[in-house]
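User: Please take a close look at one sheet and at the parts of the chain around it. I would like one connected account, with each cut-off explained where it is used.

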Amino acid sequence: MAVAAKRIETAPRVEARGVSLRAGLVAAAFLLVALVVGLAVGVTDIGLGAIFRSALSYVPGVHVHQSLSATDHTIVWQLRAPRVALAALVGGMLAIAGASYQGVFRNPLCDPYLLGVAGGAGLGATLAIIYASTSGTTWTVPLASFGGAIAAVAVTYALGRSVGAAHMTGALVLAGVTMATFTAAVQTFIQQRHPDRLQTIYSWLLGGFNLSTWHDVGLCAPYIALSAVVLFLHRRVLDVLSVGDDEAASLGINVARARLTIVVAATLGTAAAVSVSGLIAFVGIIVPHLIRLLVSTSYRAVIPLSFLAGAGFLVLADVAARTLFSGAEEPIGVITAFLGAPFFAVVLRTSRSMR
Amino acid sequence: MHRTAFAFLVALAVALVTLSFSAAAPARQARTYHRIISLSPTITEDLFKIGAGDRVIAVDQDSSYPASAPRTNLSGYTPNVESIAGYHPDLVLISYNPQGFAGKLRDLGIKVVMEPAAQDLTQAYSEIYGLGQLTGHQITAASVVHWMKRRMTEIVASVPPLRRHLRVYHELDQTYYSATSNTFIGSIYKRFGFTNIADGPGQAAHTQYPQLSNEYIVAANPQIIVLADTKCCGQNAATVAARPGWGGIRAVVRHRVVGVSDDIASRWGPRIVVFAKAVAAIAKPH
């Protein structure tokens, strides 16, 4: 493996720079600012200083008088903070999953929902919302959508694999489209039988963090952490895979195994993210491409920077979702899609130069 | 002498009433319908309340009340013209007209009357009157409306004036969709004089049914919470109290969280009186 890694570094077509310290610091600062804005901005006016003192009072050994009222304390630490944390985790995850899929499938328009994650999760969530919302717990919908997402991708993978290794990349994408169409049909069929639950289902499908709790953070964080670590460790392999299977194989990489590992990791993380946030569109496309445009096309830069920038982007999108209409929530998927669709069009036009 | 005169007057009155009824009967018969289909749960409730239930041959799948209504697989949301026509109705009553299906029924010679979702009690009353006319039950329809008006006045009056300015949060589902004062259900709260916390966000987002932000609800600190998601989503006072951050909300602390039937709270029929009574009970001093 060490030999392979050394060879990859000298691969002729991978000339792009890795992550520079400056780019890393800028991305980290962006995320930090987003987190602070996320905590400080809301429909209730709460001073940043009071929030800061309140945060310090949680640090062991630091004795600071915190001046937040009981209600403000609840709002900041029980309502806003889990939202911010979850938006950061989900945004980061979707961004690196999108980047990884784009590398593995060598298609700049791939998103994290490529292999049927969205359809499967949507179907699982719809079933849970309709049939288990009275008997279930707050974990029922996340678990059902997670299960649906994993099941859908497993079927997609089995379908794609059946055509043989030679055409697997293209077959997987087609199988994913098939799976997405099929699950969407079943999901629509079920929701049409229950028009009284339409609002709740659409609200879930469009995604959001209005109901986020620390439980949700705890539920998805392990999967996202695992997935992010695996993808981070494969950033050099992604560089080579994005050039071509033959080139990767000639450098000693087991292409099939590497691709499977990356797809499984990205899917697991995406499914966990989707299960607690619904279907948030375009993060997985906008963020990696921005990094490619601004910093480098190398996955050594794209993976870590996408995580930081994706996290910051979704935290800010969530701030917009909860403050645009003072007190009324706008589904976050509407905001990311509103920003993402024009960007998608630009990427589409310039995609040849972005591979 | 007095007794004879009294008997004569009574006989005259009875004769007059009988005459007027028999004279009116043929005219009314010509305008009434006997094979009615209702594709709206509210219309179904109205029809049975005014005594026209025996003319109803089929109701849609969501018409869950009264239990004696002939419930079928017909849908008011995704209606199928052929299956409706298969019942050979002479009148189809709807409150929603997706893809202009009413026009297709009319092409088949079937009378279709639309009674849309009422915006307030006045419209709800006039729909009941209208149904009375269509079914020849004007008198019972009028008495149902009279009874509703009287009960609503009594129920509102039962809440002391000092408690008529409470902040109310009406929950449609557990993702915090709510209804503003411009909706039918909101108009009931308005009658009590309550402040609806959904009004501000609804106005900002230009919708009658805004999805409220969790933070906004906690900050608005409602004094009454009415849960219209008991049936769909299993919500109750205990599940509300268990929501992170909701333990300090005034309504939760003072035990003024009430669950109502989702069906009653989403319809504009006579059972709205039951809803108003439940709201009044939670608003009164303990």
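Analyst: In chain B an open sheet of four strands is arranged in the order β6-β5-β7-β8, with parallel pairing; two strands are taken to pair if DSSP finds at least two bridges between them, and the elements themselves are DSSP runs numbered from the N terminus, helices being H or I over at least four residues and strands E over at least two. Because β6 (195–196) and β8 (257–259) of chain B stand at the edges with a single partner strand each, one side of each has no neighbour in the sheet. The model is a predicted one, in which local features need pLDDT of at least 70 and side-chain atom pairs count only at pLDDT 80 or more, while totals for chains, interfaces and linings use all residues. Residues are numbered from 1 along each chain as its sequence is written, with chains lettered from A and ligands numbered from 1 in the order in which they are written.

Within this sheet, strand β5 (residues 167–171) of chain B runs parallel to strand β7 (residues 224–227) of chain B, and four bridges join them. His170(B) is the residue that stands opposite Val226(B) in β7(B).

Helix α7 (residues 184–192) of chain B packs against part of this sheet. Its residues Phe184(B), Ile185(B), Gly186(B), Ser187(B), Ile188(B) and Tyr189(B) are buried, a residue being called buried if 20 or more other C-beta atoms lie within 10 Å of its own, exposed if 12 or fewer do, and partly exposed in between, with C-beta atoms placed from the backbone. The buried residues of α7(B) pack against β5 and β6 of chain B, and also against the helices α5 (121–135), α13 (262–266) and α14 (272–283) of chain B. After α7(B) comes Gly193(B), which has a positive phi near 95°.

Two histidines in loops of chain B also have positive phi. His206(B), in the loop between α8 (199–204) and α9 (214–220) of chain B, has a phi near 55° although it is not a glycine, and with 9 C-beta neighbours inside 10 Å it counts as exposed. His255(B) lies in the loop between α12 (250–253) and β8 of chain B; its phi is positive at about 55°, and His255(B) is exposed, having 11 other C-beta atoms within 10 Å. For background, most residues other than glycine have a negative phi, and most peptide bonds are trans. A cis peptide bond is found between Tyr65(B) and Pro66(B), where omega is about -5°, and Pro66(B) belongs to the loop between β2 (56–59) and α3 (81–85) of chain B.

The helices on either side of the His206(B) loop, α8 and α9 of chain B, also bear on the contact between the chains. In that contact, 26 residues of chain B meet 28 residues of chain A, two residues being in contact if their C-beta atoms, placed from the backbone, lie within 7 Å. On the side of chain B that touches chain A, the elements giving two or more residues are α8, α9 and α10 (230–233) of chain B, and α9(B) gives the most, with five residues.
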